[in-house]
Amino acid sequence: MAAGAAAYGATVLAAVAVLLLAALGAALGTSGSGIEDLTQNYAGSAPMPSDFWAILSLPFLLAGMALMGTLEVRLESSFFGAPIEFGGTLWFLPLALTAVAAAAQWSFGYLSERRAPAAGAGKRWLLSAVSGLSLAMIALVFGLLFTLQSAELGTTLHVGSVSVGLFFGPLVLGTFTSWWGRIFHARRTAPAASWPPLASLLPACQLFAWHFVAYAGLAGLGLFVWSIIQGGVAAALTAPLWLPTAATWAFGIGHLSTFTVPEGPVGAGVPELPWWSILLLVLLALLLAVAASAIWQLRRDNRPEALSAWHSWLLLPAAYLAGGGLVTLLSALVFRANGGFLGSFSGGVGLAPWFFLILGIWGAALEASSRYVAPWLVPAIPAGLRAKLAKGRTVQHAPAPGFAEAPAAAAAPGLNETYAHPVGVPVVQDAAQQPQPLSAAAKKRLKVGAAVAGGAAVLVIVGVVAYNVLANSVFAPERQVERYLDALRDGDAGTATQILDPNVASAERVLLSNEIFSASEDRISSYTIRDVSIEGGTAMIEAELVQDTKSTPLTFVLEKAGTAAVLFNEWRMVSGADWNMSIQLPEGQSSVTVNGVQVDIPVPEGNGMFAPEAAVLPVFPGTYIVEPPQGSKYISYGSEQPVTVSASPAESGGAGAVFEAGLTEAVSTDAIAQATAHLEKCLAAKEFQPEGCPNSAFSWGDEEDYRSISWSLETEPEYQVNEGRDGDLRLYAAGGEATVSYEQNVAWGDDEPEWEKHENDVNLYFDAIVRIDGDKLSVEFE
């Protein structure tokens, strides 16, 4: 029970330290005056005294997660009488705290074995199982005690880490680490032959453990430095929560494992590694693999009878296979969220489930390398380092061809094991002794082998670098966006439409020609790729376009569309920005001139029912000069209109040209001329009421009583040409005055005629229909 209590207590204390560091990092990275301001920012209120129990529970919840418990959050309430539930679960190991618990159990097992050695392997396993069981029971008890339960105003909140994993996780972890501490002490005080099944398997497991620790340590150091550069002190202080898991993921990626990321917002939050970092991780894996094969060659059972056994080939692959499964399990993040009536989703983040198979292949490669490559490398290791790696063992064998015969040497006092080395492998006598000089032939073969290996490595590196350079430049998704934006900048409409098709009919593509677009002004002058996000087969590229010194952000979406040049992905742009220009023409007109090119404008369906509709056509950002349709002597459609299409799609919607039919000055001039001629003809008449004329005077009696009738124009009428009530074009004349002069017989009956001169004033007002037929104008007087 003491072992479990000590391990659990150490884990809780470590959790307290981690939480304090995380809170300090968050406070330093948040504007405000410390922890209280931080709480107010996230909770919306200052800390309350009732929050003490919640804060006290946090280390125990985190310790439960470290011991493989599943964190569960559940909120139950009701909505108009209908019960609803929100919540979720999270299985994630803060590996730093898990390591603290494992180290405490190991230390307790080691000290217990030193104080009272167990009598036999069975009792050792039993004591270790009791230690693990005590840790599991204590974790369950404190997990139950510090489960958060709250019920207020019909709402119930539950937060806890008690689960099946919180029992079996500490049981397995505590049992194994306690047994490992006990066996570690026992192997130092008793002959290794007492445990023949473990004599070969334990070194293989130890090799994997040290291999993993070395890789994760170096990769973690790089990640830690990178996180400080990117996130500052906050990232550094929160590193105990995320760095061990991130370093484990780096171990998997460097050893050629894929990385599983769920779709949706959770997956979008996982950063993409640049190609050069993946290359460094792979190179680190290769270097440490070479070192591990050399260490394995020094520390394994190298007796010929041991090496010739078929099962000797399985020890290292088995250790790496099991280690890969353990690494994948412990570094996984699995979640499930339930949104009530909003639905639920689940997923996981971590190494590929089949990573253990990949690592088993690495173990087989290390085994082969330790037999056929490492023997040629071991003599080059400095004697002092070789002695430490070999733990002082003496290896003896017949010298390989080309190597000098080494004198026999007895095992040094206090050494545990002596192995016979396989024939054909370089001589390594006492580990602390300097190796014999190589012969000229051996040196030559070593140089040739090193040159071949180095050349192969250089070719592999050059190939990987070349592939990544091409994949991230020529064949990268952002390269398609760059080609598209280059086309927009250079006025190349053909390339732009080839990359992102507007998906409209041919008749609507009239403005997407190189001749029109290249002649436009104010195209985008420059652009910048701001962010590249690739998730599965979809890439999102964020760019910033500059047009007339104004910046506009745009997002482009691309999808994988097969392969290019056999090895690379081909990306197809599926969405970006849609720019349009509207052109409205009078009824009966269907062509305009844009940037000097005459184009036919498709007439929208339903055009002319109430008013002409505008044709909305796809276009690219820029300024276009739109000239109206060709007019006539009497009809004009206005003057040219500059239209600027903004790079911002939201602003480009209002860009367009509107043309309306209007009358030229010639209409009034020619209509008035015809009206004046008509009036002159009417004034030349010798009668009181000329037919079809506006000058008309009243007379009574016989016509023989009137003579010498003549008309004269006193005041010229004012003319206007306007649209009439019926929609026709009419000429209106008003304000004119004419005088009619005549002689009248005023004698009665049969008397001699007596003629008197008279004059009458007559107002002139009239209207007429003006008809236009092409370049012909006629005025029809009623």
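Trainee: Which residues in the largest nonpolar core touch the most other members?

Mentor: Good place to start! Keep in mind that this is a predicted model. The largest nonpolar core has 46 residues, and those touching the most other members are Tyr 484, Leu 485, Phe 556 and Phe 620. Helix H17, residues 477-490, gives the most to this core, with five residues.

Trainee: What does Phe 620 touch, leaving out residues up to four places away in sequence?

Mentor: Look around its ring in the model. Phe 620 touches Tyr 484, Leu 488, Ala 493, Ala 496, Thr 497, Leu 512, Phe 517, Trp 579 and Val 645.

Trainee: Now strands, please. How do the side chains point along strand E14?

Mentor: Here is the general idea: in a regular strand, side chains alternate between the two faces of the sheet. Strand E14 covers residues 580-584. On one face, Met 581 and Ile 583 are buried. Asn 580, Ser 582 and Gln 584 point to the other face and are not buried.

Trainee: Which strands pair with E14, and in which sense, parallel or antiparallel?

Mentor: Strand E17, residues 614-618, pairs with E14 in the antiparallel sense over five bridges. Strand E21, residues 656-658, runs parallel to E14 and is joined to it by three bridges. You can follow Ser 582 to both partners: Val 616 is its bridge partner in E17, and Gly 656 stands opposite it in E21.

Trainee: Why is helix H8 described as largely enclosed?

Mentor: Count its buried residues, where buried means under 20% relative accessible area. Helix H8 spans residues 239-254, and 12 of its 16 residues are buried, so the rest of the structure largely encloses it. Among the buried ones are Leu 243, Trp 249, Phe 251 and Ile 253. After H8 comes Leu 256, which has a positive phi, near 75°.

Trainee: And the surface? Is Tyr 372 buried or exposed?

Mentor: The cut-off for exposed is over 50% relative accessible area. Tyr 372 has 56% relative accessibility, so it counts as exposed. This residue is found in helix H13, residues 355-372. Tyr 372 also belongs to a nonpolar surface patch with Val 290, Trp 310, Trp 313, Leu 314, Val 373 and Leu 377. Together they have about 720 Å² of accessible area.

Trainee: How many helices and strands are there in the chain?

Mentor: The chain has 21 helices and 27 strands. Of its 782 residues, 39% are buried. The chain exposes about 41,300 Å², and carbon and sulfur atoms supply 61% of that area.

Definitions and conventions: Residues numbered from 1 in each chain as written. Predicted model: local features only at pLDDT ≥ 70, side-chain atom pairs only at ≥ 80, totals over all residues. Heavy atoms only, no water. Patch = residues over 30% accessible without salt bridge, like charges linked within 9 Å, V, L, I, M, F, W, Y side chains within 5 Å. Areas by Shrake-Rupley, 256 points an atom, 1.4 Å probe, with all protein chains shown as cover. Salt bridge = Lys/Arg side-chain N within 4 Å of Asp/Glu carboxyl O. Helix = DSSP H or I, 4+ residues; strand = E, 2+ residues; numbered from the N terminus. Buried < 20%, exposed > 50% of the residue type's maximum accessible area, 1.4 Å probe, protein only. Pairing = 2+ DSSP bridges. Core = buried A, V, L, I, M, F, W, Y, C linked by side-chain atoms within 4.5 Å. Contact = heavy atoms within 4.5 Å.
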